[in-house]
Amino acid sequence: SSLTRCVLLAAPCSGSGKTSVATGLMAALRRRGHSVQPFKVGPDFIDGMHHSLACGAPSVNLDGFLAGGKSTVRSLFYRALRFGRPELAVVEGVMGLFDGRDGCSDVGSTAEIAKWLELPVILIIDCGAMARSAAAVLHGFVTFDPEVHVAGVILNKVAGPTHFLWLKQAIEGGPSPVPILGWLPKQPSIDLPERHLGLYLPSDLLGPNLGGILGECLCSTSSSQQTSPLVLPPYIAKLADWVESGIDVESLAQQIARPVSASVDLDPWQEASRISASSAPSSCRIAVAFDEAFCFYYHTNLQLLRQHGAVLVPFSPLRDQELPQGIHGVYLGGGYPELHAAALECNASMRESIRRFALSQQGCVYAEC
C-alpha cells in the first residue's frame, strides 16, 4: 500500500496567516517536484481555490458538522488520497484550532478533524505583537486537549532576528517546548487581501483566465497529479519564496508529517456509486458555470456527480455567448455575481440561452447562493 505523509496547519485564531502559510508551503513542496493533495477544514470555498492553484489538484473540504460525522470525513480524506496517490497532504484548519459549533465541544472544529484523522498539528502563531507571551499561548494550546498532538510551531509576523531570539528563548525555556519549525517575517506585500466574506479570489489577483483554469481543475476526471515542477502564478510563487525563506520545508514534510496509508477502505458511497454509475446514462452532460462570478463549488459534490454518470462541462456566463451544446442540466454555483453585475447584464445572449434551456424541458437548471 502507498503512504502519504500528512500534516495539519492550525492557529490560535483567524487572521494568524494560516492560508498564506498553507498555500506557500503547498507551493514550495509542489515546486520541488512533490505531488501534494490539499484539504480545507470547514465549509470554505475561497481558500481551496488558492490551494488548487498551488498544488494543481482540487482542494477537498473536511467538515465535521456538515459532512455528517467521523466516518464520512475519514472517507473523504482517504478517498482523496487513493484518487491522486499524492506524496504529501496538507490540511489547512479553520478559525482557531478549537473553535467550532459552540463553546462547550469541538464539533465542527479543526481539533475534531485532527483527532479523527490522527494528524500532527503545526500551530501558526501571529507573533507580531508579542514576545515571551507566545510561550504561554503555545502552552495553552498544547495542553488544552491531550488528544490533539501539537507537533511543532511556526512563528509568523516576526519583526527580525532579535525578536525571533526572544521568542525562541521563551518557548524553549517554557513548559511546552515543542519544536520551532521556523519563523516568517512580516511582509505586507504578500498578504492575501480580505473582503467582507473572506479572502479575495485568485481571479481578483490574477485576472479573468483563472476561472477557466480552476474550472478545468475541478471538473477534470484525471486521477493523477503531475510530479514535474509547476509554473506557479506570481502571487503564489511569492508565498512559496516567503515560506522557504524561514522554514525547512523538506524537513517539515519528512520529520513532522505522519505517514498515512491510502489503502484504507472507508468509503460509504462506494457501493451506491457503483450501482448508480452502472444505471446512469453515460451521455448525461451537465454545464457547470465557472468564472469570476460563479466559482463556489465543493469538489466532492462534482466528483459524486461524475461517479453517478455525469459529464461535467465548464462554461463562463461572463464570456461565453451560449450554453454548451448537448447538455441535460445547468449548474450555477455560488460566488460574487454582484461584483460582475454589469458584465452579466451585457451578456444578453447567455441569459437568453439559459432562459431557452430552462423553458425547453430538456433538463433542469440548479442554482446556489
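The questions and answers below concern the predicted model shown above.

User: On what basis are the values given, and how many helices and strands does the protein have?
Analyst: Residues are numbered from 1 along each chain as its sequence is written, and side-chain values use heavy atoms, with hydrogens and water left out. Because the model is predicted, local features need pLDDT of at least 70 and side-chain atom pairs count only at pLDDT 80 or more, while totals for chains, interfaces and linings use all residues. With helices (H or I, at least four residues) and strands (E, at least two) taken as DSSP runs numbered from the N terminus, the protein has 14 helices and 16 strands.

User: Which helix gives the most residues to the largest nonpolar core?
Analyst: A nonpolar core is a set of buried Ala, Val, Leu, Ile, Met, Phe, Trp, Tyr and Cys residues joined through side-chain atoms within 4.5 Å, where buried means under 20% relative accessible area, exposed over 50% and partly exposed in between (1.4 Å probe, protein chains only). The largest such core holds 44 residues, and F39, L62, F77, L81 and L97 touch the most other members. Six of its residues come from the helix that gives the most, helix 3 (residues 70-84).

User: Is K40 buried or exposed, and which residue offers a backbone oxygen to its side chain?
Analyst: K40 lies in strand 2 (residues 36-41) and has a relative accessible area of 3%, so K40 is buried. A polar contact is a pair of N or O atoms within 3.5 Å; within protein, one must be able to donate a hydrogen and the other to accept it, and residues adjacent in sequence count only if both atoms are side-chain atoms. One such contact, of 3.0 Å, joins the side chains of K40 and D47. At 2.6 Å, the side chain of K40 also reaches the backbone oxygen of G93.

User: What is the angle between the ring planes of Y297 and Y331?
Analyst: Rings of Phe, Tyr and Trp (its six-membered ring) pair if their centres lie within 6.5 Å, with planes under 30 degrees apart counted as stacked, over 60 as edge-to-face and the rest as tilted; this rule gives eleven aromatic pairs. Y297 and Y331 form an edge-to-face pair, 5.0 Å centre to centre, with an angle between the planes of 90°.

User: Why does the span of helix 9 agree with expectation?
Analyst: The expected span of a helix is 1.5 Å times one less than its number of residues. Helix 9 (residues 234-246) has 13 residues and should therefore span 18 Å, which agrees with the separation of its end C-alpha atoms, 19 Å.
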